[in-house]
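Work through the following exercises with the sequence and the model open. Each task is followed by a solution in steps.

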Amino acid sequence: MRTSSTIRSGRTVKRTTRAAAAFAAGALALSLTACGGDDDNGGGDNGSQGGGDKEPAATVTLPKLDGESLEVAAVWTGAEQENFKKVLAEFEKRTGAKVTFVPAQDPIINFLGSKIAGGAPPDVAMLPQPGAIKQAVEKGWAKPLGAEATKELTENYSQGWQDIGKVADKQYGVYYKAANKSLIWYNAQVFENAGAAEPKTWDELLTTAQTIYDSGVTPFSVGGADGWTLTDWFENVYLSQAGPEKYDQLAAHEIKWTDPSVKEALTTLAEIWGKKDYVAGGASGALQTEFPASVTQTFTGGDQPKAGMVYEGDFVQVNIAETDAEVGTDAKVFPFPAVGDTAPVVSGGDAAVILEDSKAAQALATWLASPDAATIQAKLGGYLSPNKNVDASAYPNDVQKKIAEALVAAGDDFRFDMSDQAPQAFGGTPGKGEWKALQDFLKNPKDVAGAQAKLEADAAAAYGG
């Protein structure tokens, strides 16, 4: 991801200006503001706006693979898994290959390690972190993409999305799925009852939270049982407050977690996490609330849900679809407010990486890099593709369509999830590293120095000093 960049430990670290980040944030804010409230499709439907049941148009040429079998591993569950299986089914139809989905567990690197040690690795794995791709390459597991997959990737992805799938300038990953992680979703009825407005700055967010609280509803739902949600909170605050250069430095552990910029971000987070009765269930309740429940409890309970707002990415729509709330009418969204000079634009994603090289595995990587594959899942909702050649009309509602358009319009001007760039031991392991340190901080938001010390100790161990 280069404007001017350096390769550190085989990973490309992008450096852009504040103006570029501001442009991307502005595009997102403009897009979401334009969504309106007349949308009547949830995130999990088949999407009449997305073309219904039309036969997918073939824009990519795939080989005949009759008799070939493939295994694809991913940590996806529920609707996300079922929708991805439909993408794999279309690949089977077009090639004649048989594809089996293998449910994986977090951290996926450990899961793959046990499979490889047992002599039965999946052919392709969907890796949720650049750090995991790097580890797979260092361990000799990952195989570079071939000419056809690379060609498809080059035609359909911005340079930034290509580069985060590279290690030492070799292409290993196809970022099939993206996430816009700079969104706050809210219960429209709660806001209306309270007379609350969508905030654009952190101070306005605090004012909105107090307005919601005064109306008798807890302002925020936090899925603290899943530590990754807490890292996402931190990253948005840190990127906006400290700026993109500091963000890149902390992501690469070029500055320590004891840096004053981290203290400032944690102190800011404590304005919500440490405010009595601002978090549903308090700290102890939040630490027992898993991400899906943090969403559904915001959009159930009529005029008295457990919370008025929930922070997380575009994929929240999948969970909203499990309630009676409709995206765009009952469930609305605004960009994560600006804490510093500009609003943050943080993205995440899952990349297809080949572990067992073959004609069939390379064909699957080519398929996943195509607009054909992404369009199938886009129509099903709860999914966002960084593929710039996916027609925005494929998305099932106006909210998701605008989020997708904003992501593509941002081009290379975004920041990838910081914890996903870190070694898995620090940024991607339940009960350890950053996940655990921020869970402890949620429990005791007054101990900023203690949180910093723990984060730095764990980071130093994971990054090797």
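**Exercise 1: the cover of a helix**

Task: find what covers the buried residues of helix α5, and state which residues of α5 are buried.

Solution. Start with the cover: it includes α6 (159–163), β7 (170–171), β8 (173–180), α15 (359–368) and α16 (371–380). Helices (H or I, at least four residues) and strands (E, at least two) are DSSP runs, numbered from the N terminus. Next, take α5 itself, residues 147–156: Ala149, Glu152, Leu153 and Asn156 are buried there. Buried means under 20% relative accessible area, exposed over 50%, and partly exposed in between (1.4 Å probe, protein chains only). Last, look down the axis of α5: the buried residues fall within an arc of 100°, so they line one face of the helix. The arc is taken over the directions from the helix axis to the C-beta atoms.

**Exercise 2: how far to trust the model**

Task: state the mean pLDDT of the protein chain and find stretches where pLDDT is below 50.

Solution. This is a predicted model, in which local features need pLDDT of at least 70 and side-chain atom pairs count only at pLDDT 80 or more, while totals for chains, interfaces and linings use all residues. Residues are numbered from 1 along each chain as its sequence is written, and side-chain values use heavy atoms, with hydrogens and water left out. The pLDDT, the predictor's confidence in each residue from 0 to 100, has a mean of 88 for the protein chain, and 88% of the residues reach 70 or more. Residues 1–27 are below 50, with 73 contacts beyond near neighbours in sequence; a contact means heavy atoms within 4.5 Å. Residues 33–53 are also below 50, with 55 such contacts.

**Exercise 3: salt bridges**

Task: how many salt bridges does the structure hold, and which parts does the pair Lys246 and Asp259 tie together?

Solution. The structure holds 14 salt bridges, each a side-chain nitrogen of Lys or Arg within 4 Å of a carboxyl oxygen of Asp or Glu. In one of them, Lys246 meets Asp259 at 3.5 Å, N to O. Lys246 lies in α10 (residues 244–251) and Asp259 in the loop between α10 and α11 (260–273), so the pair ties together parts 13 residues apart in sequence. Lys246 is partly exposed at 28% relative accessible area, whereas Asp259 is buried at 16%.

Now take a pair within one helix. Lys454 and Asp458 have their closest N and O atoms 2.6 Å apart; both lie in α21 (residues 448–463), four residues apart, about one turn. Finally, salt bridges that share partners join Glu90, Arg94 and Asp372 into one network.
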